[in-house]
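Colleague: I would like to go through this model and check how its parts fit together. Where should we start?

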Amino acid sequence: MTLDTSSKEEYLDIQKEILNLAQRTLSKEEISLAEEISIGLVSSKKKKENARLKIRNIVGVKPSRHLFYANADLRFLPRYTRNPIRYLGDYIDHLVKFLSSEINGEKFLTKSLGINLKQLKGKIEENLRLKLVDYNNFCYVPAKHDFNLNGRKHRFTAKEAVYIAMLTITLSKAILINSSKGRDYSDGRINDDWAKMQYSPDNQDSLCD
């Protein structure tokens, strides 16, 4: 029995909201590379393997708690897309938690990405904040909560996974410029003790947006 999968045409589809965010965030060279990788994923076996390697090299493997897992799941492109996008979003979520806690107080380590972005209005560059709001709305929240396929075989296409991976790395660099805790976390210099309370029964708001 073969697994039900989508057509090559669907693999190269991309939601207009994600494309718009990419056009506002990535350089022309990065968009060109995202297109090259996406096309490679629906080409010959060798080109597909090279495309997977390129996007995995871009994502990297640190911190291990998020990017390592995302990197491992990117091996299965173009077919399986939701899990790596969820892990990539978790990374952005954690970096924003650190940034917000530095600006607004430790309690914001337990808040969702959506709540933290609201609290950061007027406290970080608005252009960056709005990009992160769109990332949350069109990438992260759907990966966590939206199981409506909208007529597709998969909620996210391979091309969307590639674009979101590149968006994640670019946006994370912008966050890290502003967050010393985020840099320490990303470089593995601090541990995840705070995460034990993040998902405790007393902090259920951290599980939703």
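Colleague: Is the crossing in which α3 passes α9 left-handed or right-handed?

Modeller: A crossing is left-handed if the near helix is turned anticlockwise from the far one by less than a right angle, and right-handed if clockwise. Helices here are DSSP runs (H or I, at least four residues; strands are E, at least two), numbered from the N terminus. On that footing, the crossing in which α3 passes α9 is right-handed.

Colleague: What should I know about the model and its conventions?

Modeller: Residues are numbered from 1 along each chain as its sequence is written, and side-chain values use heavy atoms, leaving out hydrogens and water. The model is predicted: side-chain atom pairs count only at pLDDT 80 or more, totals for chains, interfaces and linings use all residues, and local features need pLDDT of at least 70.

Colleague: At roughly what angle do the axes of α3 and α9 cross?

Modeller: Axes are lines fitted to C-alpha atoms, for helices over the stretch in contact, and angles run from 0 to 180 degrees between N-to-C directions. The axes of α3 and α9 come within 9 Å, and the crossing angle is roughly 145 degrees.

Colleague: How many charged residues does the contact of α3 with α9 have?

Modeller: Contact means heavy atoms within 4.5 Å. Among the residues that make it are Glu30, Glu35 and Ile37 of α3 and Lys159 and Val162 of α9. Ala, Val, Leu, Ile, Met, Phe, Trp, Tyr, Cys and Pro count as nonpolar, Asp, Glu, Lys and Arg as charged, and the others, Gly among them, as polar. The contact of α3 with α9 then has seven nonpolar residues and two polar ones, and its charged residues number three.

Colleague: Which α9 residue does Ile37 touch?

Modeller: Ile37 lies in helix α3. At 1% relative accessibility, Ile37 counts as buried (under 20% relative accessible area; exposed is over 50%, partly exposed in between, with a 1.4 Å probe and protein chains only). Not counting residues up to four places away in sequence, Ile37 touches Ala51, Lys54, Ile55, Ile58 and Val162, and the one in α9 is Val162.

Colleague: What arc do the buried residues of α4 cover?

Modeller: Helix α4 (residues 45-59) should span 21 Å at 1.5 Å a residue, and its end C-alpha atoms are 21 Å apart, which agrees; the expected span is 1.5 Å times one less than the number of residues. The buried residues are Ala51, Ile55 and Val59. They lie on the same side of α4, because their arc, taken from the directions from the helix axis to the C-beta atoms, is only 70 degrees.

Colleague: Which residues are exposed on the other side of α4?

Modeller: What covers the buried residues of α4 includes α3, α5, α6 and α9. On the other side of α4, the exposed residues are Lys45, Lys46 and Asn57.

Colleague: How many residues of α6 are buried?

Modeller: Helix α6 (residues 82-104) reaches 31 Å from its first C-alpha to its last, close to the expected 33 Å. It has 23 residues. The helix is largely enclosed by the rest of the structure, because the buried ones number 18.

Colleague: What is the hand of the crossing of α2 and α9?

Modeller: Helix α2 (residues 16-25) and helix α9 (residues 158-178) pack at about 35 degrees, with axes 10 Å apart. Their crossing is left-handed.
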